[in-house]
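Welcome! Take a moment to look over the chain and turn it around on your screen. Then use the notes that follow as a guided tour.

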Amino acid sequence: MLFLLSACGSKLSGEYADKTGAVSYTFESSDKVLMSAIGIETEGKYEVDGNKVKVESNGQNIIFTILEDGSLKTPFGNLKKKQ
């Protein structure tokens with residue numbers, strides 16, 4: 001799966017959340033990402049470069065790493081794709 005993301009240089013899709021569901025990121029087919037943390041929702045942009053995902057919101061950038069299992073390593077813990 002990582003190879004496909006790298007090869008396409010493209011996009012993520014779907015919702016990724018932490019174990020509790022308190023933090024989630026919903027990646028849309030464009031470059032838009034909807035972020036929710038403890039009931040506060042914001043919108044931002046994202047781009048995939050290899051195994052890195054740069055999320056930009058309110059002038060701030062956060063870098064995530066796409067792990068081999070497809071989950072996202074973030075500064076506040078791992079996010080797994082919801083089925």
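Let's begin with a pair of strands: β4 and β5 run antiparallel and are joined over 5 bridges. Keep in mind that this is a predicted model. From this pair we can step back to the whole chain, and then look at what lies inside.

**Strand β5 and its partners**

- Within the pairing of β4 and β5, V48 has V53 of β5 as its bridge partner.
- The hairpin of β4 and β5 leaves 2 residues between the strands, and G50 there has a positive phi near 65°.
- On to the next strand: β5 and β6 are also antiparallel, and 6 bridges join them.
- Here V53 turns up again, with F64 in β6 as its bridge partner.
- The hairpin of β5 and β6 has 2 residues between the strands as well, and in this hairpin N58 takes a positive phi near 55°.

**Two faces of β5**

- Which side chains of β5 are buried, and which are not? V53, V55 and S57 point to one face and are buried.
- K52, K54 and E56 point to the other face and are not buried, giving an alternating pattern along β5.
- V55 is a good residue to click on: leaving aside neighbours within four places in sequence, its contacts include Y25, F27, Y46, I62 and F64.
- The contacts of V55 also include some residues with polar side chains, among them K45, Q60 and N61.

**The nonpolar core**

- In soluble globular proteins, nonpolar side chains tend to be buried together.
- In this chain, the largest nonpolar core has 15 residues.
- Those with the most contacts inside the core are L12, Y25, F27, Y46, V53, V55 and L72.
- Which elements give two or more residues to this core? They are β2 (23–27), β3 (32–37), β4 (40–49), β5 (52–57) and β6 (60–66).
- The most comes from β2, which gives 3 residues.

**The chain as a whole**

- There are 1 helix and 8 strands in the chain.
- Along the sequence, the helix comes before the strands, in the pattern α-β-β-β-β-β-β-β-β.
- Of the 83 residues in the chain, 30% are buried.
- Among contacts between residues at least 6 apart in sequence, 28% link residues at least 24 apart.
- The chain has an accessible surface of about 5300 Å², and carbon and sulfur atoms account for 52% of that surface.

Definitions and conventions
Residues numbered from 1 in each chain as written. Predicted model: local features only at pLDDT ≥ 70, side-chain atom pairs only at ≥ 80, totals over all residues. Heavy atoms only, no water. Helix = DSSP H or I, 4+ residues; strand = E, 2+ residues; numbered from the N terminus. Buried < 20%, exposed > 50% of the residue type's maximum accessible area, 1.4 Å probe, protein only. Contact = heavy atoms within 4.5 Å. Areas by Shrake-Rupley, 256 points an atom, 1.4 Å probe, with all protein chains shown as cover. Core = buried A, V, L, I, M, F, W, Y, C linked by side-chain atoms within 4.5 Å. Pairing = 2+ DSSP bridges.
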